[in-house]
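Please take a moment to look over the chain and its fold before reading on. The paragraphs below go through a few of its features in turn.

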Amino acid sequence: QELEKAAGTFNGLPLLLEHHPTDAENLPKEWVVGSMGTDAVYEKPYLKNSMTVTDAQAIGYIEDGTAKEISCSYRFTPDFTAGTYTEADGSEVHYDFIMRDIRGNHVALVPEGRAGHDVHVADSGNAVKDIWQERRDYCLK
């Protein structure tokens, strides 16, 4: 529920190559390689969003797998109320606290993200080619 409420705070964030401390007064421009889209949505168990990568080196790292995984940086308010929740398979999972008021700070391209290998850039080359072809055709008219 908390991640679903936080989805919109990940819109428009800077996309960095690796994690670096950042805020409005300290944006490490040499590490900014793009930005997150404006269509963040929580689809259990993932937070999904579009992104634009504008740096050739970062694009190469995505394509060759060097830095294809995604890691979110965020702030939260800890609620130290322990409890359990039930997984889809019926198993009970214990937790020690809840992250409340999650607020995105930046998203990073990393070699190995904490959330697992399935949290990565999911690029569709054909979709990109289709868009460029449409733009090319439009420009030629």
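Which element gives the largest share of the lining of the largest pocket? In this predicted model, that element is β9, from which 5 residues of the lining come. The pocket itself has a volume of about 2200 Å³, and among the 46 residues that line it, Leu3, Tyr42, Pro45, Tyr46 and Leu47 are the closest to its centre. Two or more lining residues are also given by each of several other elements, including the helices α1 (2-6) and α2 (56-64) and the strands β4 (46-48) and β5 (51-53). If the lining is sorted by class, 28 of its residues are nonpolar, while 9 are polar and 9 are charged.

We can turn next to the aromatic rings, of which the structure holds 4 pairs. One of these pairs is formed by Phe76 and Phe97, whose rings are stacked, with 6.2 Å from centre to centre and 20° between the planes. Phe76 belongs to strand β6 (residues 69-79), whereas Phe97 sits in the loop between β8 (92-95) and β9 (98-110), and the pair therefore ties together parts of the chain that are 21 residues apart in sequence. Phe76 counts as partly exposed because its relative accessibility is 31%, and Phe97 counts as partly exposed because its own value is 35%.

Phe97 also has a second partner, Phe80: the centres of these two rings are 5.7 Å apart and their planes meet at 40°, which means that the pair is tilted, as angles from 30 to 60 degrees are counted. This pair, too, links distant parts of the chain, since Phe80 lies in the loop between β6 and β7 (83-86) and Phe97 in the loop between β8 and β9, 17 residues apart. Phe80 is exposed, because its relative accessible area is 66% and the cut-off for that class is over 50%. Taken together with Tyr74, the residues Phe76, Phe80 and Phe97 form one aromatic cluster.

A last stop is His20, which is found in the loop between β1 (14-17) and β2 (32-36). Is this residue buried or exposed? His20 counts as buried, because its relative accessibility is 18% and buried means under 20%. A polar atom of the His20 side chain lies 3.2 Å from the backbone oxygen of Leu17. When neighbours within four places in sequence are left aside, His20 is in contact with Pro28, Trp31 and His106.

Definitions and conventions:
Residues numbered from 1 in each chain as written. Predicted model: local features only at pLDDT ≥ 70, side-chain atom pairs only at ≥ 80, totals over all residues. Heavy atoms only, no water. Phe/Tyr/Trp six-rings, centres within 6.5 Å; stacked < 30°, edge-to-face > 60°. Helix = DSSP H or I, 4+ residues; strand = E, 2+ residues; numbered from the N terminus. Buried < 20%, exposed > 50% of the residue type's maximum accessible area, 1.4 Å probe, protein only. Polar contact = N/O pair within 3.5 Å; in protein donor to acceptor, adjacent residues only side chain to side chain. Contact = heavy atoms within 4.5 Å. 1 Å grid on protein atoms, 1.4 Å probe; cavity = no way out; pocket = protein on both sides within 12 Å on 5 of 7 lines; lining within 4 Å. Points joined across faces, edges and corners; volume = space filled by probe spheres on them. Nonpolar A, V, L, I, M, F, W, Y, C, P; charged D, E, K, R; others polar.
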